[in-house]
Amino acid sequence: MKGRSIFRIPDRRNRDSFRCAATNRFSRELLPPPATFYARELSKLSRPSRGWARAICPFHKDRNPSLSVNLQTGGFLCFSCQAKGGSVIDFLMLRDGIDFKTAAKLLGAWTHGTPAGWHGDLARQRRHREERDATVNQVAHR
Ligand SMILES: [Zn+2]
């Protein structure tokens, strides 16, 4: 299981989200706990000391663990290659070369509002328009 990641990017991108842009938003409270995230993403995470754990750095060819990660905040810092960031989102963005939104989605912290409601509104609008047109037609044919 070493090196396997459940947070890898799926091959398709953003395809299902562009229509709902107005209701998309980032919810920090939906992010996984940094301790859980790093335990999955990094191999050989050391036992934490004062909230910080060490691991092999994925940002450079690391042989001794030189990456420190904060298991409370998600912040990370590599003493060898100077890679750093303040959250698990920063970590994903940097490691996978993706933007904020994509990283947030991968972590399940990007909500789509209520797509069902949004489409429901569209259907309701269409029905409303049809009813109105029907009324107009009735009037016109009198
Ligand atoms: Zn490094």
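Helices and strands are here DSSP runs, numbered from the N terminus, with at least four residues for a helix and at least two for a strand. In these terms Arg-50 is found in the loop between helix 1 (34–41) and strand 2 (52–55). The model is a predicted one.

**Overall organisation**

The protein chain contains four helices and six strands. Read from the N terminus, its elements follow the order β-α-β-β-β-β-α-α-β-α. Of the 142 residues in the protein chain, 14% are buried. Among contacts between residues at least 6 apart in sequence, 40% join residues at least 24 apart.

**The sheet**

Four strands form an open sheet in the order 2-3-4-5, with antiparallel pairing. Strand 2 and strand 5 are its edge strands, each pairing on one side only. In general, strands of a sheet pair through backbone hydrogen bonds, either parallel or antiparallel.

Strand 2 and strand 3 are joined in the antiparallel sense by four bridges. Strand 3 and strand 4 also run antiparallel, with three bridges between them. These latter two strands form a hairpin with five residues between them, and Gly-74 in the turn has a positive phi of about 90°.

Leu-67 takes part in the pairing with both neighbouring strands: Ala-55 stands opposite Leu-67, and the bridge partner of Leu-67 in strand 4 is Cys-78. The next residue of strand 3, Ser-68, stands opposite Leu-77 in strand 4.

The side chains of strand 3 alternate: Leu-67 and Val-69 are buried and point to one face, whereas Ser-68 and Asn-70 point to the other and are not buried. Such alternation between the two faces of the sheet is general for a regular strand.

**Helix 1 and the nonpolar core**

Which residues of helix 1 are buried? They are Pro-34, Phe-37, Tyr-38 and Glu-41. Viewed down the axis of helix 1, these residues fall within an arc of 90°, so they line one face of the helix. The buried residues of helix 1 pack against strand 2, strand 3 and helix 2.

The largest nonpolar core has 15 residues, and those with the most contacts inside it are Tyr-38, Ala-55, Leu-67, Val-69, Val-88, Ile-89 and Leu-92. Two or more residues each are given to this core by helix 1, strand 2, strand 3 (67–70), helix 2 (88–96) and helix 3 (100–106). Helix 2 provides the largest share, four residues. In soluble globular proteins, nonpolar side chains tend to be buried together.

Leu-67 and Val-69 thus appear both on the buried face of strand 3 and among the core residues with the most contacts. Tyr-38 is likewise one of the buried residues of helix 1 and belongs to that list of core residues.

**Positive phi values in loops**

Most residues other than glycine have a negative phi. Two residues with a positive phi are set out below.

| Residue | Phi | Loop | C-beta neighbours |
|---|---|---|---|
| Arg-50 | near 50° | helix 1 to strand 2 | 8 within 10 Å |
| Gln-82 | near 70° | strand 4 (76–78) to strand 5 (84–85) | 9 inside 10 Å |

Are these loop residues buried or exposed? A residue is exposed if 12 or fewer other C-beta atoms lie within 10 Å of its own. Arg-50 is therefore exposed, because 8 other C-beta atoms lie within 10 Å. Gln-82 also counts as exposed, because it has 9 C-beta neighbours inside 10 Å.

Key. Residues are numbered from 1 along each chain as its sequence is written. This is a predicted model: local features need pLDDT of at least 70, side-chain atom pairs count only at pLDDT 80 or more; totals for chains, interfaces and linings use all residues. A residue is buried if 20 or more other C-beta atoms lie within 10 Å of its own, exposed if 12 or fewer, and partly exposed in between; C-beta atoms are placed from the backbone. Two residues are in contact if their C-beta atoms, placed from the backbone, lie within 7 Å. A nonpolar core is a set of buried Ala, Val, Leu, Ile, Met, Phe, Trp, Tyr and Cys residues joined through C-beta atoms within 7 Å. Two strands pair if DSSP finds at least two bridges between them. The arc is that of the directions from the helix axis to the C-beta atoms.
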